Amino acid sequence: MLTLGRALRGGTLPRDTRDTLFLLLVIGWVLALQSGNIPLWCSLMAGGVLVWRATIAWRNQPLPRWPWRLGLLTAALGATWVSHHTWLGQDAGVTLVVVLLALKTLEMRARRDAFVIFFLAFFALLTRFFYSQSLPTAAGILLALLGLLTALVNAHMPVGRPPLRQSAWIATRMALLGAPVMLVLFLLFPRMAPLWGVPGQDPAGKTGLSGEMQVGQVAQLAVDDGIAMRIRFDDPIPPMASLYFRGPVLSEFDGTLWRPRQPEFSPRAVALAELEPRGQAIDYEVTLEPSQRPWLVLLDAVSEAPQVPRGRAFMTPELQWLYVRPVSELMRFRARSHLDFRHGPRQATDALQAYVHLPPGFNPRTAELARAMRQEYGTDDGATARLVEAALQRLRTGGYAYTLDPGVYGRHTADEFWFDRKQGFCEHIASSFVILMRAMGIPARLVTGYQGGELNGVDGYWVVRQRDAHAWAEVWQAGEGWVRIDPTGAVAPARLGSLSRLAAPEGAIASTLRNLNPTLVAQLRNVWEAVNNRWNQWVLNYTQERQLDLLRHLGFSSPDWTDLAVALGMVAALAGLGGALWLRWERQQHDPWLRLLQRVHRRLRRLGLPAHVRATPRGLMQGAADQWGDTPFTRALGDWLLQLERQRYGEPRRTPSLTTLRKQYRQLPWPHPRRP
């Protein structure tokens, strides 16, 4: 790589070889940006083709014949079909674009082929935004864009051997000149729904929320440190143990899989929730990361619809808030929650029977335990609180443990948890607890969401990560309604506080830094996440509402799409006028050396110099001597004109600069007009 770098910078390679190697290097970076989104075979094939093409260029060998290219194309099409079962769609399309970009380099013979590769590479860069619009992604794409522009500029200079540094400087100037246009378009061009495709879902073996919960089928849970959302609280900030962010509520159980009920979107749904807020409200702002789900994960409980952009939010009877469409882009909105609340019917109803249903033939030992506990603690209305406390006490004192590596459970998941394994993560604990409650005839359901988070001291945002995903139970009690019960807190109380939060495994560098300075890694991460949050807030979350707010600041009273178009048109008109004036000024400008020489010529004409005198330094010097003879003025003018000539055609280091010559020009003993 060092040898290649020196060869690209130096003059040891022919021009064609140098340009080809540089273009292949840029294309390699473009394809590397896609390596996490394409199959492994595609990365290996594209990398191998680029290395092969670089070897051909280095050794000045002929390009492979068409049977090789056709064979590789056929193999790529077949592998794409095997990987994606289609040649259409986002993932298959990106895979084919990457392969075609690499294969196109094998037939790059002329500038025309290079231009096809340039624009195919630009399109490949655009597809990277299908998967991520984060700040690191934008930085990587900017670097690739500058590289492609450098290669494109270099291709438009076919004569000689222009250095790549010169092409890179021209490309950078082009990008800087285009930055104001890009900024105006970003601010004023109408914001539309995202054009990006829907990313594929991650495997179920990571922390995070899912629309369903299959108990016991994940042997080991990997900790996902990705950010789910950011919260900025208005004062005061609630304690961490009270931060329960509500997501999907799972009420239907078939023995291994928990599912939510079909949501109901109507005013009746709000009435069925029977939500009664109590205590002081908490106002906060949510920045929700894309999840491709319609969930609005909010702090329990929200009685008023959050102020979501471009749409409406609806509450189900189970207090879950849903958006009108999947959240496919960063969303920022405000909400108000009450930590102290009651909800659900206060007296028993027929609808509660759905929350005591259990499928037959599952967990017989748990059912026997439920009958024994019922006999011990009674069946009256007040027995529910005693039974809940007895179950929690069993979790506290029965040797149960919280672990991320419980192994795969069998058919009777609750039986294995209560009597055999006695360990699991929150889904095992909460599911087994709800099954036990239902077996005792107590209405119960599972609630999933996030619990806790951490405060970023740099920007003041409360960061909730996928590792904070949690599951808890809700039990119905007469006179109270639905009551939150978190059985995981009985097994591992530190899980709900700040003492024992889940953490992703660290790499060697992070582990070494933490050993040297325990707070350094946390501080660096907080700074980085604060910078990334600013990118999210000001760039990715620049919505149509924020565009209209900008117009309000500019003086529009009630801005809409029409005003946005008017503002964009005004800016375009001003830019066009400025461009026209600049072009006119540019046409009137010449070489600064010629401009100074013409200035001398015009002044001598006003003094009486004949019109036929040639406007060259020596011509003007000879014409002045013929017109006025040997005078102090003509001698001084002659010496100055010879210096001007040497400044143009002599050695630059031994001649004065144009700035010095302009000063000397003003100091010449100029006579009055027509009186030399």
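**Helix H6, its core and an antiparallel sheet**

Trainee: In this predicted model, how many residues has helix H6, and what span does it reach from its first C-alpha to its last?

Mentor: Helix H6 covers residues 111–128, which is 18 residues. At 1.5 Å a residue, a span of 26 Å is expected. The span from the first C-alpha to the last is close to that value, at 26 Å.

Trainee: Which helices do the buried residues of H6 pack against?

Mentor: The buried residues of H6 include Asp113, Ala114, Ile117, Phe118 and Ala121. Ala124, Leu125, Thr127 and Arg128 are also among them. These buried residues pack against helix H2 (15–33), helix H5 (90–104) and helix H7 (135–155).

Trainee: Which helix gives the most to the largest nonpolar core?

Mentor: In soluble globular proteins, nonpolar side chains tend to be buried together. The largest nonpolar core here has 39 residues, of which Leu31 and Leu101 touch the most other members. At least two residues of this core come from each of H2, helix H3 (40–59), H5, H6 and H7. The helix that gives the most, with 8 residues, is H2.

Trainee: Which residues are in contact with leucine 101, leaving aside its neighbours within four places in sequence?

Mentor: Leucine 101 is one of the two residues that touch the most other members of the core. Leaving aside neighbours within four places in sequence, its contacts are Ile27, Val30, Leu31, Ile117, Leu120, Ala121 and Ala124.

Trainee: Which strands are the edge strands of the open sheet?

Mentor: The open sheet is formed by 5 strands with antiparallel pairing, in the order S10-S5-S2-S15-S14. An edge strand here pairs on one side only. The edge strands are therefore S10 (331–342) and S14 (454–455).

Trainee: How many bridges join strand S5 to S10?

Mentor: Strand S5 comprises residues 276–288 and runs antiparallel to S10. Leucine 288 stands opposite methionine 331 in S10, while proline 277 has phenylalanine 341 as its bridge partner there. The number of bridges joining S5 to S10 is 11.

Trainee: Which residue in S5 stands opposite arginine 230?

Mentor: Strand S2 (residues 227–233) runs antiparallel to S5 and is joined to S5 by 5 bridges. Opposite arginine 230, the residue in S5 is threonine 287.

Trainee: How many disulfides does the count come to?

Mentor: Cysteine 42 is buried, with a relative accessible area of 0%. Cysteine 426 also counts as buried, at 10% relative accessibility. A disulfide requires a pair of cysteine sulfur atoms within 2.5 Å. By this rule, the number of disulfides is 0.

Technical notes. Residues are numbered from 1 along each chain as its sequence is written. This is a predicted model: local features need pLDDT of at least 70, side-chain atom pairs count only at pLDDT 80 or more; totals for chains, interfaces and linings use all residues. Side-chain values use heavy atoms; hydrogens and water are left out. Buried means under 20% relative accessible area, exposed over 50%, partly exposed in between (1.4 Å probe, protein chains only). Two strands pair if DSSP finds at least two bridges between them. Helices (H or I, at least four residues) and strands (E, at least two) are DSSP runs, numbered from the N terminus. The expected span of a helix is 1.5 Å times one less than its number of residues. Contact means heavy atoms within 4.5 Å. A nonpolar core is a set of buried Ala, Val, Leu, Ile, Met, Phe, Trp, Tyr and Cys residues joined through side-chain atoms within 4.5 Å.
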